[in-house]
Each structure stands twice: as structure tokens, then as C-alpha cells.
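Biologist: I am new to this structure and would like to learn how to read it. Could you walk me through it, one feature at a time?

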Amino acid sequence: MAGGEDDPEQDFCERLDRLLGEAMGLVQATKHYLERRPAGAMPVAGELGHLCELDRVTCRLGLVIGWLLRRKAELAGDGPAAAAIEDDPHCLQQPALAELPPALGALLDASAVLYGRTVRMAAAGECRPDILH
């Protein structure tokens, strides 16, 4: 299909690209957060909750980016249809930890919003503007 101004497929691809850019920005922010930890540092007592929440962020981002890339490949004719992104219970939960560093809390919040938007987009089978916000 030739991409014209009113081409819904082109618009969909542009939205996928923007969402992928947002996800990659969160990956970069997560990388910077991780780089602030001392190299080879072993978790200390009480840090398990912190590490579990960091795992939640990376799990969300991995699922979102994987689905977006599969969907882009499908649209380009380079791959099979993208399966729906799972409503992973680990990713859907947003527990509050009292001792959570603010930077990690911000990553958790942003990744939860991104994951939710991607799940709704995948469930709808299309990319409507109201789904992305």
C-alpha cells in the first residue's frame, strides 16, 4: 500500500514508532539508574523489594519492545502476526514500597503506563489515539 497523507497504515506505523521511541527512552533511563549501582555490589538485607521492582520495570519494557518490534515486522511483511501481549500479573501489579528510591518509583510509574497502553493497543488490534494516552 502506498503511504499517502490519509493512509491509516502509515499513521499506525508512525504511532508504533513513537511508542517504540518512548519505550527505548525508558530503557535508557533504566540503564542509567542501574549504572549508579556499585559494580559487583551484592544486594543487602532489605534490598530484595527494590530489586523485585527493578525486575518489574525491565520485564514490562522487554514485553512492550518485543511486541512493538513483532508488530512492525508484521506490518512490513517480514514476520508472522504479532500475538497479543500478555496481561502478565507481574507486570500489571504496582505495589507501593515505602523505601523505594524516587528514581525507581518514576521508572515504575512510567513503565506501568507504557505497558498498559501497549496491552490496550494490542487488545484493540489497532492504534487509536485514545488508546495511546
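Modeller: Happily! Let us start with burial: a residue counts as buried when its relative accessible area is under 20%, and as exposed when that value is over 50%, with partly exposed in between. Please keep in mind that this is a predicted model. Ser111 has a relative accessibility of 1%, so Ser111 counts as buried.

Biologist: Where does Ser111 lie, and which residues does Ser111 touch beyond its neighbours in sequence?

Modeller: Ser111 lies in helix α4. Setting aside residues up to four places away in sequence, Ser111 touches Leu26, Val57, Arg60 and Leu61. With Arg60 there is also a polar contact, side chain to side chain, of 3.0 Å. In addition, a polar atom of the Ser111 side chain lies 3.1 Å from the backbone oxygen of Leu108.

Biologist: How many helices and strands does the protein have?

Modeller: The count is four helices and zero strands, and along the sequence the pattern reads α-α-α-α. For contacts between residues at least 6 apart in sequence, 74% join residues at least 24 apart.

Biologist: What should I know about nonpolar side chains in general?

Modeller: In soluble globular proteins, nonpolar side chains tend to be buried together. Here, 33% of the 133 residues count as buried. The largest nonpolar core has 24 residues, and Val64, Trp67, Leu68, Ile85 and Leu114 have the most contacts inside it. The elements giving two or more residues to this core are α1 (8–35), α2 and α4. Its largest share, eight residues, comes from α4.

Biologist: Which residues are in contact with Leu114, leaving aside neighbours within four places?

Modeller: Leu114 is in contact with Leu19, Glu22, Ala23, Leu26, Leu61 and Val64. Leu26 and Leu61 also appeared among the residues that Ser111 touches.

Biologist: Now a residue in a loop, please. Is Gln94 buried or exposed, or in between?

Modeller: Gln94 has a relative accessible area of 35%, so Gln94 is partly exposed. You will find Gln94 in the loop between α3 (89–92) and α4 (102–124). Not counting residues up to four places away, Gln94 touches Arg60, Leu108, Asp109 and Ala112.

Biologist: How far is the C-alpha atom of Gln94 from that of Glu53?

Modeller: Those two C-alpha atoms are separated by 8.7 Å, and the residues are 41 apart along the chain. Glu53 is found in helix α2 (residues 48–75). With a relative accessible area of 4%, Glu53 is buried. Its side chain joins that of Arg56 through a polar contact of 2.8 Å.

Biologist: What is a disulfide, in general?

Modeller: A disulfide is a covalent bond between the sulfur atoms of two cysteines. The count in this model comes to zero disulfides. As for cysteines, Cys13 is partly exposed at 22% relative accessibility, and Cys52 is partly exposed at 34%.

Biologist: What does the protein expose overall?

Modeller: The exposed area is about 7,800 Å², and carbon and sulfur atoms supply 59% of it.

Biologist: Finally, what is the average pLDDT of the protein?

Modeller: The average pLDDT is 79, and 77% of the residues score at least 70. Over residues 127–133 the pLDDT is below 50, and this stretch has 17 contacts in the model beyond near neighbours in sequence. Where pLDDT is low, the predicted coordinates should not be read in detail.

Terms used. Residues are numbered from 1 along each chain as its sequence is written. This is a predicted model: local features need pLDDT of at least 70, side-chain atom pairs count only at pLDDT 80 or more; totals for chains, interfaces and linings use all residues. Side-chain values use heavy atoms; hydrogens and water are left out. Buried means under 20% relative accessible area, exposed over 50%, partly exposed in between (1.4 Å probe, protein chains only). Contact means heavy atoms within 4.5 Å. A polar contact is a pair of N or O atoms within 3.5 Å; within protein, one must be able to donate a hydrogen and the other to accept it, and residues adjacent in sequence count only if both atoms are side-chain atoms. A disulfide is a pair of cysteine sulfur atoms within 2.5 Å. pLDDT is the predictor's confidence in each residue, from 0 to 100. Accessible areas come from the Shrake-Rupley method with a 1.4 Å probe; for residues, only the protein chains shown count as cover. A nonpolar core is a set of buried Ala, Val, Leu, Ile, Met, Phe, Trp, Tyr and Cys residues joined through side-chain atoms within 4.5 Å.
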